[in-house]
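I opened the model to look up strands, helices and side-chain packing. My notes follow in the order I took them.

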Amino acid sequence: MKFALSFFSILALIITGTVFFQYHAYSSDLETGIGDFHYSQEIEIVYRENSLDIRQHFKNLPNQKVKIKWPEKATNASCFIENEKSCDRLSDEVSYFAKGETKSQSVSYIIPIEGGLKNKMLLQNVFATLINGEASYSIVSISTDSKVKGQWVTGLPLVGQQQLVLVNYTMFRGNGTVQDLYWQAGELKAQEQTPVLSIYAQQEVPNDFLKSVENIQLLSDEHIAIIQEKSPVAVHDERLLFLPTLTAQAVEQEVILSQIKSQYNFVDSPEWLPEVVASYLINDPIGGEKTKKIIKTLNDYMTDSQQQAWQETLKKLGDESISPDTMDKYLSQVLDAKTSYFALNAAQQNGTYPLLFEDARDIYVDDTLKEDVHVILYDGQVLYTADTLLPYLGYSAEEGKNGYYVNSEHRTFRFPKEPGFYVFNQRRYSSISEPIIKIADHYYVEEAWLQRLFQVELQKKDERIQILTQEQQ
């Protein structure tokens, strides 16, 4: 009985201590402002005297310290007194909202526009944001002088606009945040609007196109604005798209790619990599020729169950950073064989690299680990990277005018581009198979020929392949 009481006493102390430390960590997060949260916002903009005068109202703020990230060009950042509590959490240096019960806070600031509004002008990152916060709903209203004729565009749905005696008034609202503003003078108008798409063009668009757009399969319901523009803007918010021509295929591809880039974190990735991910998520190839060749190569190799596992893997990537190496890691798991397929294709500027599988064992030359030597399995052959291995065996190796040249002090080889023979010490020898194989931009030496021509012995163990050199003849 005493033992039981002692045991439960110790257990109670452990639980109490755990709860205490968890609460302490939670309280620390609140004080330092590192807890993630969602909020809503209302942004009022008045364009006057070559600047945007902005009032931004943050709502549903958490009861924790919230740091403010101001736009780089913002000036005169200060409190905006909407009511008696609208600034009671704002710090004196206007860098954060202090921990407090008040849910709404308001600020004001000015974004100068040098030379004033210009036709087809994209104003980027002009709004304040909250560190660790994500806007779940935004309302943006814009007022300009009635003499200023044109159209404002954001990534949010257009609610309406009015032309009054003194001002023109435009309002947007919808789920998510807004980062950029686009201004175009003249007759640009919203031609069509669905829950997920707004299409802006100077001329009316055909009904057939509008019907086809309604049937496009999209990855999310976050709204995107599409602007028809002959000279598209290169860098912009993912919720703004500029297309020179409006076709259902172009809209589908660009919208899906925009959505995939906003949902996934691509790092050091070539342009075709988001296209590959998007193609598998919608189960339909989109993108350029390289993307389609990569997808075809994978699909031709994969079984139905592997394709399904691959699609499920891509859906679960979430916030993880995606790079060619990341893709190779998961592809290797799905295929149960090590491959650097995406990394090799990222390094291949022209054309595509074939799907190769690698022996995962460490490679030793004599007793020294050689990390730049790799063994691949391709078309039923075991191949060693010639460019990196042969120098460790005492040879120079390089591509020349009449083939691949491998030389040492007493032994010289030439492997011509035509199959069927090789040259050793100026003498020609016939061969049924090829000793040296070029795949894309890399040369490989076949395993049996490696032993025969370069006089090495191979010892293979579970974790390593050892290449033992012999005295040269």
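**Entry 1: Asn345 and its surroundings.** I started from Asn345, which touches Trp272, Lys290, Ile294, Gly351, Thr352 and Tyr353, leaving out residues up to four places away in sequence. The model is a predicted one, and I read every contact with that in mind. I placed Asn345 in helix H8, residues 341–347. Is Asn345 buried or exposed? Asn345 is buried, because its relative accessible area is 0% and the cut-off for buried is under 20%. I also checked Asn345 against Ser321: the two are 24 residues apart in sequence, and their C-alpha atoms are 18 Å apart in space.

**Entry 2: helix H4.** Trp272, one of the contacts of Asn345, took me to helix H4, residues 272–282. How many of the residues of H4 are buried? I found 11 of the 11 buried, so H4 is largely enclosed by the rest of the structure. Among the buried residues of H4 are Trp272, Pro274, Glu275, Ser279 and Tyr280. Asn283 follows H4 and has a positive phi, near 60°.

**Entry 3: aromatic rings.** I went through the ring pairs next. The count comes to 22 aromatic pairs. I looked at Tyr341 with Phe342, an edge-to-face pair with 5.6 Å from centre to centre and 70° between the planes. Both partners are buried: Tyr341 has a relative accessible area of 1%, and Phe342 has 0%. I then traced a cluster in which ring pairs link Tyr395, Phe413, Phe415, Tyr422, Phe424, Tyr429, Trp449 and Phe454.

**Entry 4: charges over rings.** I noted two cases. Lys370 has its charged end over the ring of Tyr392, 4.1 Å from the ring centre. Arg428 lies over the face of Phe421, and here the distance to the ring centre is 3.6 Å.

**Entry 5: helices H6 and H7.** I took helix H6, residues 304–315, together with helix H7, residues 324–335. Their axes come within 10 Å and cross at roughly 145°. The crossing of H6 past H7 is right-handed. Which residues meet between H6 and H7? From H6 I listed Gln306, Ala309, Trp310, Thr313 and Leu314; from H7 they are met by Met327, Tyr330, Leu331, Val334 and Leu335.

**Entry 6: strand S1 and its partners.** Strand S1 covers residues 37–48 and pairs in the parallel sense with strand S9, residues 133–145, over 10 bridges. As a register point I wrote down Glu44, whose bridge partner in S9 is Ser141. S1 also runs antiparallel to strand S2, residues 51–59, and nine bridges join them. There the register point is Val46, opposite Asp53 in S2. The hairpin of S1 and S2 has two residues between the strands, and Glu49 takes a positive phi near 50° in it.

**Entry 7: Ile139.** I stayed in strand S9 for Ile139. Apart from neighbours within four places in sequence, Ile139 is in contact with Gln41, Glu42, Ile43, Met171, Phe172 and Arg173. I then compared Ile139 with Phe424, a member of the ring cluster. Ile139 and Phe424 are 285 residues apart in sequence and 77 Å apart in space, C-alpha to C-alpha.

**Entry 8: the sheet S7-S13-S10.** I moved on to an open sheet of three strands, in the order S7-S13-S10 and with antiparallel pairing. Its edge strands are S7, 121–123, and S10, 150–153, each pairing on one side only. Neighbouring strands of this sheet are turned by 15° against each other on average, direction ignored. S7 is joined to strand S13, residues 181–185, by three bridges. Met121 stands opposite Trp183 in S13.

**Entry 9: the sheet S5-S3-S8.** I closed with another open sheet, where three strands pair antiparallel in the order S5-S3-S8. Why is one side of S5 and of S8 left without a neighbour in the sheet? Strand S5, 96–97, and strand S8, 129–130, stand at the edges with a single partner strand each, so one side of each has no neighbour there. Strand S3, residues 66–69, pairs with S5 over two bridges. Val66 stands opposite Phe97 in S5.

How values were computed:
Residues numbered from 1 in each chain as written. Predicted model: local features only at pLDDT ≥ 70, side-chain atom pairs only at ≥ 80, totals over all residues. Heavy atoms only, no water. Pairing = 2+ DSSP bridges. Helix = DSSP H or I, 4+ residues; strand = E, 2+ residues; numbered from the N terminus. Axes fitted to C-alpha atoms, helices over the stretch in contact; angles between N-to-C directions. Buried < 20%, exposed > 50% of the residue type's maximum accessible area, 1.4 Å probe, protein only. Contact = heavy atoms within 4.5 Å. Phe/Tyr/Trp six-rings, centres within 6.5 Å; stacked < 30°, edge-to-face > 60°. Lys NZ or Arg CZ within 6 Å of the ring centre and 35° of its normal. Left-handed = near helix turned anticlockwise from the far one by under 90°.
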